[in-house]
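I sat down with this one to sort out how the pieces of one chain are put together. Notes follow in the order I looked things up.

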Amino acid sequence: MTVRVHLASALRGFSSGEADVELDPGDGATVQRLIRMLDERFPGIGEPLRQASSVAIDGEIIADAQYESVPDGAEVHFLDMHQGG
Amino acid sequence: MTVTEDNPNTGYKWVGTHQIRPDGLDKVTGKARFGADLVLPGMLHGRVLRSPHAHARIVSIDTSDAEAMEGVRAVITGADFPDLVEAGRSTADIAVAANAMARDKVLYEGHPVAAVAATTRELAAAAVKAIKVTYEVLGHVLTVDEAMADGAPLLHDGMITNGVDPKPETPSNVAAKTTFERGDLDKGFAEADMVVEREFTTKPVHQGYIEPHAAVADCGQDGRATLWCSSQGHFAMRAYACTVLGWDTGRLKVIPAEIGGGFGGKTVIYLEPLAVRLSQKAGRPVKLVMDRDEVFRATGPTSGSRMKVKMGMTNEGRITAAQVWLAFEAGAFPGSPVGAASMCALACYDLENFLIEGYDVVVNKPRVAAYRAPGAPISAFAVESVVDELAKGIGMDPIDVRLANAAKEGTQAPYGPKMPRVGLIETLEAIKNHPNYQAELGPNQGRGVACGFWFNAGMNSSATVHVNEDGTVTVVTGSPDIGGSRQSMALMAAETLGIAYDRIRPVVADTETVGFNDVTGGSRVTLATGAAVVESCEKVIESLRERAAKTWDCEVDEVEWVDGQAQRSDGSQPPLSLGDLASKAGRTGGPISANASLNARGVGAGYSTQMADIEVDPETGVSRIVRYTTAQDAGRAISPQYVEGQFQGGVAQGIGWALNEEYVHGTDGRMQNQSFLDYRIPVASDLPMIDTVIVEVPNPAHPYGVRGVGEVGIVPPMAAVANAINGAIGVRMEALPMSPPSILAAVNDQS
């Protein structure tokens, strides 16, 4: 199983400039598992990822998405979405 | 006018129809109760003492004279609230509390310092004047330029900029930097046949809701309180107020009043915790109502800004590179909408090479609050002005240029993910095909086009649907109705249940009567709360089918729900209507009711394209809107009247922002135009009929295709107006507002 995670510019300090990261989170993957794997690979990145208010999975933006499942082949973006008016 | 994708005949009976507004009669007869209308027995009246200084340290507060006045029942200061810094609360919570009532420092003129409850409003005002505050006045900063300058006075001593690598070692007024980038900027600019680079500024503008903030609190001897207030989210008011008070959420019940406009500015608290604490201290109900000058000095507005935009284009109209630099005023606490502005700035386009940098900068002005598509209109003013200049420079139609670069399904958005199905192209084509686009222009008239993007939102919503004994239905939600949501809820419930719209009563309930709802904001209610209503109705239908099966002694799958009645699939029984089943509900399992709570999915982004025809008098600089046309993708217009109203309202506010509105501050840091006489919002005579085109590219993820319509309509107007002014008299306006003196100055500079 492969998932592609895109890291925003502000997070690339943790990843030595790497913008796109491929992970193999295994079956039943959730956003939480991706964060844990990323934190193991890039220590310290977990906290800002957990603080990201939303996550886009294959283009769908989801708030409070820690336990959201991530399908095989998904493209994942962590976003700091702002409240509307 | 409505343009619908593929199938203009939706097959819906109620969705998309024009109906009488559920709240209409109460509002036109004066019966509707707004925030300030509530009167309780024994109620006291409160007033707030506000800082006269833009930046000062509070040395001492002496309330003894005020407390000694006859009729004064309570006086409060920052010391009457818990210290959230000591309590180790989050930066966001600390800012909410410090903005509601200053503790050690005042950070803007109008910052609350103390509050009084007395038997009359006049007495409360006199008592406020009797409070003696000693200030140590500090230097202030009013603009991003002043705040970012070396050696600028600091609002928050320890604030280190987030989002910068390596992390700065010294504090500054820059709270955060956001960056979005892709591709190779140098390569992109090298491929361009034309490059335009400009700098823009905008001033803070207020949401301009007609109803000032108001709150009534009644604290009981059991330590619990009830709060009535006009807001965009009474659950959020409860949470914020309890944070400031140091209370558990369950101690406070919030009852929503009708709301006289919010536009984002009523998603935050100001008076609410003060009213509760005053009531608690006085042992009587307390009402606090702001005057208009307080609304201007201490609530809202949205950010002022400085922006730099550089874009390159080929002679064929392809944008090859874009560089956007944004610095937004956050007001007294971090949290400007520069992040959203950065994400939206280039979201109309499919770009390979770009760099967007945004800076969140604190200044000594009121803390900014959300305002319709927060941040997006500001960056759109700059970006869409440059796109217009490029289009004119290469001699290409401004809509064709935008079509050549338009974001569509599959486009990698500048903020990251791929776009789902979106309707920008359809809005561009709707304007291009509109008769107004071919209308002849007169002398000194120009035509301007601009487009805009807003995410829209989902978030948390709850709804309960009750079937009454006679088959009428009550739809209960907790989303304050600021844009017609009660009608939208009723229409979707009617469509789902298959009963008449007028058999449904939509209600907005208090925090103890319905499940949690996030604020009415982000254009989210029709989508998210609507989804909860539809899900509740579907559960009701399941229950009705089961009850019909019991009645007929058959299996549930032999019962269908069609046109508001249960039908036996084989036609062997006469149908059972909702009324039939409701009247005998006790025999089939008890009252019929269902609820749904959800974190909404399937948010569909919104796009708008707008066209302004403007006439400018080159002698005076006065501009007149000749024609205005807006096309916006609604996904599906559940209530077309309200949808048109939202389109027109966004444009009207945008025209005010474009031409007249601005906060004017003196060098002393005090706002100089604190009334609607001096802060000029558009009135009916300023505007022509705003022509609307409802484009419907249904959101595939919503049961009725809803996207949300409340915000994106305010994104394009400033750029559309600026581009029209450029067409009329040839000057490129780089600063908002484009008021007569500034247009005249630009004309004189040009000549």
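**Strand pair.** Before anything else, a reminder to myself that this is a predicted model. I began with strand β15 (residues 319-331) and strand β16 (residues 354-362) of chain B, which run parallel to each other and are joined over nine bridges. To get my bearings on the register, I looked for the partner of B:Leu326 and found B:Gly358 of β16(B) opposite.

**The sheet around it.** Which strands make up the rest of the sheet? I traced five strands in chain B, in the order β8-β16-β15-β14-β9. The sheet is open and its pairing is mixed. At the edges I have β8 (174-182) and β9 (194-202) of chain B, each of them paired on one side only. From one strand to the next, the twist averages 10°.

**Helices on the sheet.** I then checked what lies across these strands. Helix α10 (residues 338-345) of chain B lies across β8, β15 and β16 of chain B, and I get about 165° between this helix and β16(B). Helix α11 (residues 376-394) of chain B lies across β9, β14 (305-313) and β15 of chain B, at about 150° to β9(B).

**What else α11 touches.** I followed α11(B) to helix α19 (residues 717-729) of chain B; their axes come within 8 Å and cross at roughly 35°. The crossing is right-handed. On the α11(B) side I listed B:Pro377, B:Ala380, B:Phe381, B:Glu384, B:Ser385 and B:Asp388. They meet B:Met718, B:Ala719, B:Ala722, B:Asn723 and B:Asn726 of α19(B). Sorted by class, this contact has six nonpolar, three polar and two charged residues.

**Another helix pair.** Next up were helix α15 (residues 485-497) and helix α16 (residues 525-552) of chain B, packed at about 30° with axes 9 Å apart. Here too I noted a right-handed crossing, α15(B) passing α16(B). From α15(B), the contact residues include B:Met489, B:Met492 and B:Leu497. From α16(B), they include B:Val533, B:Val534, B:Cys537 and B:Ile541. The class tally for this contact is 10 nonpolar, six polar and one charged. B:Glu538 of α16(B) is among the contact residues.

**Where chain A comes in.** How many residues of chain B are in contact with chain A? I count 36, against 21 residues on chain A. Two elements of chain B give two or more residues to this side, β8 and α10. I had already met both: β8(B) as an edge strand of the sheet, and α10(B) as a helix lying across β8(B). The largest share, four residues, comes from β8(B). By class, the side of chain B that touches chain A has 16 nonpolar, 13 polar and seven charged residues.

**Stepping back to the whole chain.** Chain B has 20 helices and 27 strands. Its radius of gyration is 27 Å, close to the 27 Å that the globule rule gives for 751 residues, so chain B is as compact as a globular protein of that length. I read spans of about 85 × 75 × 50 Å for its C-alpha trace along the principal axes. Of the 751 residues, 58% count as buried. Last entry: among contacts in chain B with a separation of 6 or more, 80% are between residues 24 or more positions apart.

Technical notes
Residues are numbered from 1 along each chain as its sequence is written. Chains are lettered from A and ligands numbered from 1 in the order in which they are written. This is a predicted model: local features need pLDDT of at least 70, side-chain atom pairs count only at pLDDT 80 or more; totals for chains, interfaces and linings use all residues. Two strands pair if DSSP finds at least two bridges between them. Axes are lines fitted to C-alpha atoms, for helices over the stretch in contact, and angles run from 0 to 180 degrees between N-to-C directions. Two residues are in contact if their C-beta atoms, placed from the backbone, lie within 7 Å. A crossing is left-handed if the near helix is turned anticlockwise from the far one by less than a right angle, and right-handed if clockwise. Ala, Val, Leu, Ile, Met, Phe, Trp, Tyr, Cys and Pro count as nonpolar, Asp, Glu, Lys and Arg as charged, and the others, Gly among them, as polar. The radius of gyration is taken over C-alpha atoms; the globule rule is 2.2 Å times the number of residues to the power 0.38. A residue is buried if 20 or more other C-beta atoms lie within 10 Å of its own, exposed if 12 or fewer, and partly exposed in between; C-beta atoms are placed from the backbone.
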